[in-house]
Amino acid sequence: MSFQATPELEAEVNELISHYPVKRAASLMVLHAIQEKFGWISSDAVQWTAKKLELQPINVFEILTFYPMLRQEPQGKYAIKVCRTLSCALGGAYELHHHFCEKLGLDAHKHGPQTTKDGKFTVEFVECLASCGTAPVMMVGEKFYEGVSHKKADEIVAGCK
Amino acid sequence: MSTAATTETKTAAPAIEKIKVKIDGREIEVPRLTADWSGKLTPMTMIQACELAKTDVPHYCWHPKLPVVGNCRMCLVEFGTPALGPDRKPVINPDGTFKIAKSPRPAIACATPISPGMEIYTKTPAVKQMREGVLESLLINHPLDCPICDQAGECKLQEYSVDYGQSASRFVEAKVHKPKAVDLGPRIMLDAERCILCTRCIRFTRDIAKDDALGIINRGSYNTIATFPGMPFDNNYTLNTVDVCPVGALTSKDFRFQMRAWFLKETKSVCTSCATGCSVLFGSREEKIYRYTPRDNDAVNASWMCDAGRLNYKWIARADRLKDVLVRGQKSTWTAALNELSDKLKKAPVGSVAIIASARQTNEELWLISKLKAKLGAISDSIARVGDADKLLVSADKNSNTNGARLTGICFTEMGVNLQPITDGIESGKIKTLIVFGENIAKHGVNKEKLRDSETVGEVVTEHSLTPELLAKLETLVVSDIHANETTKLAHFVLPGATHAEKRGSFTNGKGRVQKFMKAVEAPGDARAEWEFLHDLVHNVTGQNGFVTIEGLFNQMAKEVPAFSGLTWQAIGDTGVTVQI
Ligand code: SF4
Ligand code: SF4
Ligand code: FES
Ligand code: FES
């Protein structure tokens with residue numbers, strides 16, 4: 001089983017649920033809490049959430065599939081997010097994404113996040129990271145990088161141990 | 001037992017205030033409140049008022065029996081309400097009418113309540129333009145595969161496209177492709193590309209079938225109807241989603257690619273798989289039935305039917321149908337067999353004949369059997385069939401006409417109490433002749449197989465004491481049935497009968513609703529409707545002549561059977577009449 005709710009998670013979720021007038025309203029926050037702990041949300045986690053909120057699994061699955069930031073697959077150790085909104089697109093975001101994919105052996109034309117076979121990197125496009133003046137920008141995990149050239153990109157990858 | 005029949009079961013509702021609205025310039029008075037999908041009184045909406053005024057408002061997501069969501073926008077109309085003066089009172093025109101303030105914005109007719117003096121405009125150029133716009137957006141990613149789509153011919157997308165669509169698409173971008181044959185459950189296949197996301201299917205299964213199994217996953221133009229992975233869409237009402245789906249997205253695996261809808265002849269009938277007796281339509285072509293679909297009847301099944309009943313039609317065309325009249329194993333003719341049988345019965349001493357009729361026979365047939373019974377001084381009964389009931393439609397009683405058998409005096413309120421006396425009579429040699437209709441009494445096994453495994457509805461014929469050894473003691477065993485079985489093999493006379501699809505007649509359902517059904521297809525070979533040969537038999541044995549049409553028989557029965565008093569074949573109409581049971 002890919003999902004086992006810890007007592008801490010259970011307590012956190014109970015606390016979250018108590019913030020809302022109806023249990024269902026806590027859905028998104030519960031999913032966030034799970035993703036924070038496990039990095040992704042498995043089918044078992046969806047079923048657990050549904051039970052907690054007195055819903056059917058499909059009700060939770062609808063939310064999970066709506067938000068790309070909620071993961072249905074485990075992520076790589078390093079999550080590379082390349083901004084592709086207008087300024088970054090003009091500033092070479094697609095080329096940057098392509099560069100990462102080529103370097104890491106991924107398919108640049110595939111839709112959605114992709115993870116390398118060794119589970120080390122996940123590369124994906126995201127929308128505006130609110131630093132449009134320094135395009136193209138990207139993040140690795142919680143770290144933010146501006147004006148990323150291909151050379152800088154190589155250094156970033158090399159820095160990921 | 002013989003209080004007058006009524007057409008409605010409900011008691012009269014309290015008077016509801018009426019208000020006047022104008023629809024396309026025509027004034028109509030409508031109730032301010034009306035029953036919503038769940039039967040609760042709610043303010044009447046524009047679309048309901050338009051329906052009363054017989055003004056068509058195109059719609060996709062709205063369905064009278066489902067909660068309102070207002071997501072498709074196809075029903076947009078323009079409207080105005082009485083203008084208010086500075087005193088907050090309506091401004092009156094010189095001619096005494098209200099001055100109307102036309103709303104600058106349209107409204108969705110399905111979710112906007114009417115108010116006194118409101119004017120609704122459904123035919124303005126702006127409304128037409130809005131409909132065109134909505135339709136064009138709906139068709140953006142639509143595959144337009146009508147030539148291979150089961151819904152073609154009964155598709156709202158096609159119908160409204162004829163009315164409001166453009167012949168050429170202006171959409172030059174690439175269409176989003178979605179999965180085309182998604183296995184949603186054992187009986188349902190989804191073509192995600194054809195779906196217009198009206199959510200009727202979601203609402204049906206959540207609010208009517210009480211199985212919240214469907215949802216919309218993904219985002220934007222990738223939105224798709226789905227189940228939770230690994231949890232198939234499988235309740236006993238799933239096929240109703242195919243009916244409510246306004247397009248060809250949800251298809252019945254059973255009907256998929258079998259027949260074009262426009263070739264089907266539709267016959268009004270009744271489901272015989274349980275005592276609920278849902279009103280249905282048979283779709284048939286060239287003497288073959290292709291599908292059952294539910295027919296609206298608020299006194300019985302609203303607009304729904306169960307999957308088990310819907311798919312329980314293949315037995316009608318089964319290869320082992322009885323097609324010949326057999327006398328002691330030899331092929332015979334109706335005339336010869338009925339003459340010989342009539343002579344035998346005429347000579348039979350009182351009390352030497354027993355009759356086991358089927359509670360799946362029609363009221364008319366059971367009534368004719370009761371005449372035979374009276375003349376012969378025969379003991380009679382039927383055999384109960386039980387299964388599971390549910391909260392929506394399905395009855396635990398799996399006989400379609402238990403009440404008919406009771407009301408015509410074929411069995412007592414507790415069906416089956418006479419089976420032991422019949423057994424004893426045969427055992428002691430007192431009963432020498434047994435006439436059996438539609439019951440395989442030589443076999444009384446338990447049939448619990450579920451719908452998925454076979455084409456039968458899960459049901460159990462209740463235990464009884466009749467055995468093949470016992471039947472062998474009889475001088476004469478007369479069996480009328482649909483299919484060859486253990487009992488017909490033992491019979492001296494085999495009279496091939498007709499299914500309800502092959503004849504007309506009426507049933508009395510578990511709540512006393514008398515409903516009639518029409519003939520869809522011809523019976524195979526020499527098989528004949530039971531009421532036809534029963535009529536001959538009754539005539540020969542009793543000397544009484546009766547009616548030779550189903551109308552005449554029904555009306556005569558209504559005169560003689562107290563519970564049916566006052567009814568006529570014509571007056572029971574398409575949705576039936578409730579009698580006191
Ligand atoms: S599958 Fe049919 S009923 Fe369900 S949302 Fe799509 S169009 Fe509507
Ligand atoms: S509920 Fe009974 S009568 Fe209605 S469709 Fe099902 S089996 Fe037939
Ligand atoms: S467009 Fe990339 S940060 Fe705003
Ligand atoms: S029918 Fe009114 S919005 Fe769909």
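Here a student and a tutor talk through a predicted model, with its cores and the interface between chain B and chain A.

Student: What makes the set of 54 residues a nonpolar core?

Tutor: The name asks for buried residues of nonpolar kinds, joined through side-chain atoms within 4.5 Å. The 54 residues form the largest such set, so they are called a nonpolar core. Inside this core, L345(B), V353(B), F564(B) and L567(B) have the most contacts.

Student: Which residues is V353(B) in contact with, leaving aside neighbours within four places in sequence?

Tutor: V353(B) touches L345(B), A348(B), L376(B), A378(B), I379(B), I431(B), T433(B) and I435(B). Contact means heavy atoms within 4.5 Å, so each of these residues meets that cut-off with V353(B). Another core, of 31 residues, lies apart and includes M74(B) and V247(B).

Student: Now to the two chains. How do you know that chain B and chain A touch?

Tutor: Good one! There are 13 residues of chain B in contact with 12 residues of chain A. About 1100 Å² is buried between them, and carbon and sulfur atoms give 66% of this area. On the side of chain B, D212(B), R219(B) and F228(B) lose the most area, together 51% of what that side buries.

Student: Why is none of the pairs between chain B and chain A called a salt bridge?

Tutor: The label needs a side-chain nitrogen of Lys or Arg within 4 Å of a carboxyl oxygen of Asp or Glu. The count between the chains is 0, so no pair there earns the name. The rule for polar contact, however, finds 4 residue pairs across the interface.

Student: How do the residues of chain B that touch chain A divide?

Tutor: They divide into 8 nonpolar, 3 polar and 2 charged.

Conventions:
Residues are numbered from 1 along each chain as its sequence is written. Chains are lettered from A and ligands numbered from 1 in the order in which they are written. This is a predicted model: local features need pLDDT of at least 70, side-chain atom pairs count only at pLDDT 80 or more; totals for chains, interfaces and linings use all residues. Side-chain values use heavy atoms; hydrogens and water are left out. Buried means under 20% relative accessible area, exposed over 50%, partly exposed in between (1.4 Å probe, protein chains only). Buried area is the accessible area (1.4 Å probe) that two parts lose on being put together, summed over both. A polar contact is a pair of N or O atoms within 3.5 Å; within protein, one must be able to donate a hydrogen and the other to accept it, and residues adjacent in sequence count only if both atoms are side-chain atoms. Ala, Val, Leu, Ile, Met, Phe, Trp, Tyr, Cys and Pro count as nonpolar, Asp, Glu, Lys and Arg as charged, and the others, Gly among them, as polar.
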